[in-house]
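Hi everyone, thanks for making time. I'd like to walk you through a structure that's probably new to most of you, so let's put it up on the screen.

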Amino acid sequence: MSNVPVAVVTGSNKGIGFAIVQALCKQFPGDVYVTARDPGHGQEAVVKLQKEGLRALFHQLDIDDLQSIRALRDFLKEKYGGLNVLVNNAGIAFKVRDTTPFAIQAEVTLKTNFFGTKNVCTELLPLMKPYGKVVNVSSMASISALSGCSQELQQKFRSNTITEDELVELMKKFVEDTKKSVHEKEGWPNTAYGVSKIGVTVLSRIQARILNETRKGDHILLNACCPGWVRTDMAGPKATKSPDEGAETPVYLALLPSDADGPHGQFVSDKTVRTW
Ligand code: NAP
């Protein structure tokens, strides 16, 4: 088993995830893994980094596929005995002009952004080593979607006692409500992406709380963040930040010094803790 520290970035064959790997290759003292659902795309990313003089490794990971998540978990356990840095970056968004029915968009978006991210956390968080860092890439869209929720939903999503099971039930209810076309009546905003990212931000708050309760002495720091509006396939060429600039806040959170006791359980953008 290797004692080398190890960092994993989900969805890192392109976009912000790729830029996060690039920065970690320069700054993280250990092995850095590109992961991608398509091995061909993942290997291409590794070769691209190699040409820049950077050494990254590759492991397949489709966050929609529990078997794939568990294969990565077993690999990390066996090769490294755990994990030091996990960046949950993989995500999807339908384009504004996409005509796919809203209920399908809701189901597909929540499947990856919320349920996929949650499954990765369920399988990989127990592997986190002391002083580990977990970064869940959410979005400012979670804050605007929260303000578009009914008072009752806002109160639930801001609660300091909401459980992961309760959050899962709420995310499932959103998808069911869109199928019945009653989501607005039920207090939801009209954005599947925004609701999926509410899920990611609230999940991060819950997970940080659980770490406090169960592994306080391990000094693991876990946060949600927004990379900003970044020029990638998701956001398009008009966005204001380059992928490198978008990677700055996630990388800052992934490399917080070992004597830092925060941020933890926060939503962070531009390296600044935001009010949820
Ligand atoms: P992107 O260029 O579209 O890249 C998304 C990455 O996620 C790709 O590598 C994609 O893989 C991967 N992915 C999607 N579904 C996956 C799955 N089931 N399993 C594993 N990987 C999967 O988007 P981006 O702009 O870099 O976005 C990265 C993250 O930042 C996302 O969580 C996004 O919501 C968030 N974000 C972006 C912006 C922005 O302005 N760009 C703003 C706020 C938040 P494939 O190549 O196989 O599709």
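Let's start with Ser269: is this residue buried or exposed? Its relative accessible area is just 4%, and since anything under 20% counts as buried, Ser269 is buried. Bear in mind that this is a predicted model. If you're looking for Ser269 on the screen, find strand E7, which covers residues 267-269. And what is Ser269 in contact with, leaving aside its neighbours within four places in sequence? The answer is Met140, Cys226, Thr249 and Arg274.

Okay, on to the ligand. How many residues surround the ligand? There are 28 of them, and the closest are Asn13, Asn89, Tyr193, Val230 and Thr232. Let me pick out a few polar contacts. Thr232 brings a polar side-chain atom to 2.5 Å from an oxygen atom of the ligand. With Asn89, it's a polar backbone atom, and the distance to a ligand oxygen is 2.7 Å. Gly228 also uses a polar backbone atom, 3.4 Å from an oxygen of the ligand. As for how covered the ligand is, it exposes 900 Å² when taken alone, and the protein buries 92% of that.

Last stop, helix H4. You'll find H4 at residues 102-124, so to speak 23 residues in a row. From first C-alpha to last, H4 reaches 31 Å, close to the 33 Å expected at 1.5 Å a residue. Where does H4 bend? Look at Lys111: the bend there is about 40°.

Note on methods: Residues numbered from 1 in each chain as written. Predicted model: local features only at pLDDT ≥ 70, side-chain atom pairs only at ≥ 80, totals over all residues. Heavy atoms only, no water. Helix = DSSP H or I, 4+ residues; strand = E, 2+ residues; numbered from the N terminus. Buried < 20%, exposed > 50% of the residue type's maximum accessible area, 1.4 Å probe, protein only. Contact = heavy atoms within 4.5 Å. Expected span 1.5 Å × (residues − 1). Bend = angle between axes of the 7 residues up to and from the residue. Near = heavy atom within 4 Å. Polar contact = N/O pair within 3.5 Å; in protein donor to acceptor, adjacent residues only side chain to side chain. Areas by Shrake-Rupley, 256 points an atom, 1.4 Å probe, with all protein chains shown as cover.
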